[in-house]
Amino acid sequence: MDFSLTDEERAIRDTARQFITKEVVPLEQEALLRERRHQPGLELSELRELQQKAKKFGFWGLSTPEEYGGMDLPAVLQSLIWTEVGRTFVQFKFGGEADNILYYANDAQKEEFLLPTIEGERISCFAITEPGAGSDAANIKLRAVRDGDDWVLNGEKTFITNGNDADFAIVVGVTDPSRKASNGGATAFLVDRSMGWRSEFIQTMGEGGPASLIFSDVRVPHRNILGEIGQGFELGMKWIGKGRYLIPSNALGIAERALGMAIEYANTRETFGAKIGTNQAIQWMIADSEVELEAARWLILRAAWTVDQGEDPRHASSMAKLYGAGMVNRVVDRVMQIHGGMGYTRELPIERWYRQVRLMRIYEGTDEMQRLIISRDLLRGYTKIGGHLA
Ligand SMILES: Cc1cc2nc3c(=O)[nH]c(=O)nc-3n(C[C@H](O)[C@H](O)[C@H](O)COP(=O)(O)OP(=O)(O)OC[C@H]3O[C@@H](n4cnc5c(N)ncnc54)[C@H](O)[C@@H]3O)c2cc1C
């Protein structure tokens, strides 16, 4: 058994770390100040500039196939890089990416939607959740009715990331109400904002925020169907599936950085004439965080490795998402406790992480949904206790 990284994995991971440390971390104080003024920590133009700089370092399109100018990295490497990105709270991501399901587009749609998204010229959002259908995504009601060469969309999507900035949305709507959405009743549409949907920003406890998308007789040409009629739910689950190992990868980076801050503070802050790190209470918080962090790391890497093996990654990814999201919440909570009153202030990013990471237990499948998937797989005998080593 070999738990080490290859030379190539280590080199790419280290270069990503260098880039984040040198180019992104120095922007943190300014980002915090801006966010306190309710502005984006990083303007879109600044993000694009950083992405172009990263391109010169060789980072462009981590998951994008080479024929589209990307790196097409294995999932393990993508996971390692997302962990590095997680080490800064500046809302940076490497450029040259598009939603994984946009590759189901036909040639004309690729020209219109996929390529400009990869280039950063267009912004997409993915919309399946509705006010009445979140975890139970098969219960969506947004209706798409055929009318000549068009489909007419009516309904509402909610909690859509980028919904306020996107100039097109990938929308999953009901095209055949006689079937369940999860059984051929739903279809995905590529819907330009100019076709008439509007968005309403939703205030959340995190920075930035999702939006509701409102569709009122929005006409979408038939040629804008993504994939096949009836394939919408399947595409939606593919979109969500990708985040299930990348979200915890990002969480791992946050936890590593935050724990590092706590260790430094424990070694410098003095009370009662001694460093607080000499107290067992503090030592145990550090130890528990390190153990959980390592446990999460291996669950995440195993999930990514499963993707690279071409096996069904859902079980491993659900375990990684469930544990990784919980882990980062517990670690950030302890890191705040170790920092005492300072941890609670906006001088430090800890309270920001505290708000940010809470989302990880909710979106792209709540904790409860991950538990449902994990237990269902075991109960029906689809997976064995012990996973790959069983
Ligand atoms: C900031 C943010 C960004 C998001 N971005 C997107 C996006 O880009 N695109 C998109 O389509 N969606 C997005 N979402 C939606 C997100 O995926 C849903 O919020 C999530 O799936 C939960 O759905 P819900 O909010 O309707 O909760 P509900 O499904 O109503 O669940 C409420 C509670 O009940 C629990 N529960 C539900 N059913 C069961 C059950 N059978 N057994 C046990 N417990 C159960 C849930 O786990 C949860 O605790 C986003 C959400 C947020 C907050």
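Q: Is Thr 383 buried or exposed?
A: This is a predicted model, so treat every value here as computed from it. Thr 383 has a relative accessibility of 18%, and the cut-off for buried is under 20%. That is why Thr 383 counts as buried.

Q: Which side chain makes a polar contact with the side chain of Thr 383?
A: Start with the location: Thr 383 sits in the segment after α11, the helix at 367-379. Ignoring neighbours within four places in sequence, Thr 383 is in contact with His 315, Asp 377 and Leu 378. The side-chain polar contact, at 3.5 Å, goes to His 315.

Q: How many helices and how many strands does the protein chain have?
A: Two spans from UniProt, both from an unreviewed entry, give a feel for the mix. Residues 230-378, listed there as "domain: Acyl-CoA dehydrogenase/oxidase C-terminal", are 77% helix and 3% strand. For the protein chain, the secondary structure comes to 11 helices and 10 strands.

Q: How far apart are the end C-alpha atoms of residues 125-196?
A: UniProt lists this span as "domain: Acyl-CoA oxidase/dehydrogenase middle", in an unreviewed entry. The span is 0% helix and 46% strand. Its end C-alpha atoms are separated by 15 Å.

Q: What radius of gyration does the protein chain have?
A: The C-alpha atoms fill a box of roughly 80 × 50 × 40 Å along the principal axes. For 390 residues, a compact globule would come out near 21 Å. The protein chain agrees with that, at 22 Å.

Q: What share of the 390 residues in the protein chain is buried?
A: On the surface side, the accessible area of the protein chain is about 19,000 Å², and 52% of it belongs to carbon and sulfur atoms. As for contacts, take those between residues at least 6 apart in sequence: 71% join residues at least 24 apart. The buried share of the residues is 49%.

Q: Which elements each supply at least two residues of the shell around the ligand?
A: The ligand is surrounded by 17 residues, and the closest are Thr 129, Ser 135, Phe 159, Thr 366 and Glu 368. The elements that each give at least two residues to that shell are β1 (124-127), β3 (150-160) and α11.

Q: How much of the ligand's 970 Å² does the protein bury?
A: Look at the polar pairs before the area. A backbone N or O atom of Ile 128 is 2.9 Å from a ligand oxygen, and a backbone N or O atom of Phe 159 is 2.8 Å from a ligand nitrogen. Glu 368 puts a polar side-chain atom 2.7 Å from an oxygen of the ligand. Taken alone the ligand exposes 970 Å², and the part buried by the protein is 64%.

Q: What is the relative accessibility of Ala 98?
A: Ala 98 is in the loop between α4 (75-86) and α5 (107-118). Beyond its neighbours within four places in sequence, Ala 98 is in contact with Tyr 103, Leu 114, Thr 117 and Ile 118. Ala 98 counts as buried, with a relative accessibility of 10%.

Q: Which side chain makes a polar contact with the side chain of Arg 13?
A: Arg 13 lies in helix α1, residues 7-24, and counts as buried at 14% relative accessibility. Outside its neighbours within four places in sequence, Arg 13 is in contact with Leu 5, Leu 80 and Glu 84. The polar contact between side chains, at 2.9 Å, is with Asp 14.

Q: Near what value is phi of Asn 162?
A: Most residues other than glycine have a negative phi. Asn 162 lies in the loop between β3 and β4 (168-174), and is partly exposed, with a relative accessible area of 30%. Its phi is positive, although Asn 162 is a residue other than glycine, and is near 70 degrees.

Q: Is Asp 217 buried or exposed?
A: Asp 217 is part of strand β7, residues 211-221. Its phi is positive too, near 50 degrees, in a residue other than glycine. The relative accessible area is 54%, and the cut-off for exposed is over 50%. So Asp 217 is exposed.

How values were computed:
Residues numbered from 1 in each chain as written. Heavy atoms only, no water. Helix = DSSP H or I, 4+ residues; strand = E, 2+ residues; numbered from the N terminus. Buried < 20%, exposed > 50% of the residue type's maximum accessible area, 1.4 Å probe, protein only. Polar contact = N/O pair within 3.5 Å; in protein donor to acceptor, adjacent residues only side chain to side chain. Contact = heavy atoms within 4.5 Å. UniProt positions renumbered as here; feature names shortened; annotations may be inferred. Rg over C-alpha atoms; globule rule 2.2 N^0.38 Å. Areas by Shrake-Rupley, 256 points an atom, 1.4 Å probe, with all protein chains shown as cover. Near = heavy atom within 4 Å.
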